[in-house]
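Student: I have a model open on my screen and would like a close look at one part of it. Could you walk me through that part slowly, and then show me how the rest of the structure looks from there?

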Amino acid sequence: MDKALQTMIDNMPEKTGKSLDEWKLILTGKAFAKHSEAVKYLKSEYGVTHGFANTIVTLSKEETNTPEDLVSTQYKGKEALKPIYEALIQHVNSLGNDITITPKKGSVSIIRKRQFILIKPATKTRIDLGFKLKDKPTTERLENSGPFGTMCTHRVRIGNIDEIDEELKNWINEAYEKSI
């Protein structure tokens, strides 16, 4: 946590009348469709300044979203892709016990010493699987990283579970081996 954020959290009881944990309790059970609605609620109902309200809402969301929640949210409206995601995770878990699976808001990072693949439900019909495979030539299937930019060197588009074949698994294995 950076110093400025920690200072803000430390000053919260004095400046807002409540600790961060007390504010989190107030937000527990509230269902806001948007971040801005929760900020507006704290400002109008409790007179919290915008900066503190934004920080409270942001930190409340971070801790209430479990990894499972983050993955479920990614696949809302894209449920047909969830079996593909699960098959990819099953293969990743077979590689070794030195892997960290880190769900984020829009993707899941697979990390060894560093990220070696990234799983992202790109559309309702396709998962984009990003790879770190430095110096590997692109092919028709193993494309340039596309929207992943520098996070990945390559991308494979997966629209069907049958596309998790030996070739794809070999690329995953290679990325894992190179991530030492």
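Student: Which residues does Ile 101 touch, not counting residues up to four places away in sequence?

Tutor: Happy to help! Keep in mind as we go that this is a predicted model.

Let's start with your residue. Ile 101 touches Tyr 85, Ile 89, Asn 93, Val 108, Ser 109 and Ile 110, leaving out residues up to four places away in sequence. Ile 101 itself belongs to strand S1, which covers residues 100-103. Is Ile 101 buried, partly exposed or exposed? With a relative accessible area of 28%, Ile 101 is partly exposed; the buried class is kept for values under 20%. You can also find Arg 112 from here: Ile 101 and Arg 112 are eleven residues apart in sequence, and their C-alpha atoms are 9.0 Å apart in space.

Now look at the helix that comes into this picture. Helix H6 runs over residues 82-93 and has twelve residues. From its first C-alpha to its last, H6 reaches 16 Å, close to the 16 Å expected at 1.5 Å a residue. The buried residues of H6 are Ile 84, Tyr 85, Ala 87, Leu 88, Ile 89, His 91 and Val 92. Tyr 85 and Ile 89 are among the residues that Ile 101 touches.

Next, move to Ile 119, which sits in strand S3 (residues 115-123). Ile 119 has a relative accessible area of 0%, so Ile 119 counts as buried. Setting aside neighbours within four places in sequence, Ile 119 is in contact with several residues of H6, including Tyr 85, Leu 88 and Ile 89. The contacts of Ile 119 also include Val 108 and Ile 110, and both of these residues are touched by Ile 101 as well. Further contacts of Ile 119 include Gln 74, Tyr 75, Ser 107, Ile 127, Asp 128 and Leu 129.

Let's return to Arg 112. Arg 112 lies over the face of Tyr 176, at 3.9 Å from the ring centre. There is another arrangement of this kind to find: Lys 18 lies over the face of Trp 23, at 5.6 Å from the ring centre.

That brings us to the aromatic rings. A search of the whole structure finds six aromatic pairs. In one of them, the rings of Tyr 41 and Tyr 46 have centres 5.9 Å apart and planes at 75°, so this pair is edge-to-face. Tyr 41 is buried at 19% relative accessible area, whereas Tyr 46 is partly exposed at 36%. Phe 131 and Trp 171 form an edge-to-face pair too, with 6.5 Å from centre to centre and 80° between the planes. Because Phe 131 lies in strand S4 (residues 126-131) and Trp 171 in helix H7 (residues 166-178), the pair ties together parts that are 40 residues apart in sequence. Both Phe 131 and Trp 171 are buried.

For a contrast, go to the loop between S4 and strand S5 (143-144), where you will find Asp 135. Asp 135 counts as exposed, at 73% relative accessibility. Its phi is near 70°, a positive value in a residue other than glycine.

Finally, turn to another part of the model. From Ile 119 to Gly 17, the C-alpha atoms are separated by 42 Å, and the two residues are 102 residues apart along the chain. Trp 23, Phe 32, Tyr 41 and Tyr 46 form one aromatic cluster. Helix H2 (residues 20-27) and helix H3 (residues 35-46) have axes that come within 12 Å and cross at roughly 105°. That angle makes H2 roughly perpendicular to H3. Where the helices meet, H2 brings Trp 23, Ile 26 and Leu 27, and H3 brings Tyr 41, Leu 42 and Tyr 46. Leu 42 is buried, with a relative accessible area of 0%. Apart from neighbours within four places in sequence, the contacts of Leu 42 include Trp 23 and Leu 27, along with Ala 53, Ile 56 and Val 57. Leu 27 is also touched by Ser 60, a residue of helix H4 (residues 50-64). Ser 60 counts as buried at 9% relative accessibility, and Ser 60 touches Lys 24 too.

Notes. Residues are numbered from 1 along each chain as its sequence is written. This is a predicted model: local features need pLDDT of at least 70, side-chain atom pairs count only at pLDDT 80 or more; totals for chains, interfaces and linings use all residues. Side-chain values use heavy atoms; hydrogens and water are left out. Helices (H or I, at least four residues) and strands (E, at least two) are DSSP runs, numbered from the N terminus. The expected span of a helix is 1.5 Å times one less than its number of residues. Buried means under 20% relative accessible area, exposed over 50%, partly exposed in between (1.4 Å probe, protein chains only). Rings of Phe, Tyr and Trp (its six-membered ring) pair if their centres lie within 6.5 Å; planes under 30 degrees apart count as stacked, over 60 as edge-to-face and the rest as tilted. A charge sits over a ring if NZ of Lys or CZ of Arg is within 6 Å of the ring centre and within 35 degrees of the ring normal. Axes are lines fitted to C-alpha atoms, for helices over the stretch in contact, and angles run from 0 to 180 degrees between N-to-C directions. Angles under 35 degrees count as roughly parallel, over 145 as roughly antiparallel, 65 to 115 as roughly perpendicular and the rest as oblique. Contact means heavy atoms within 4.5 Å.
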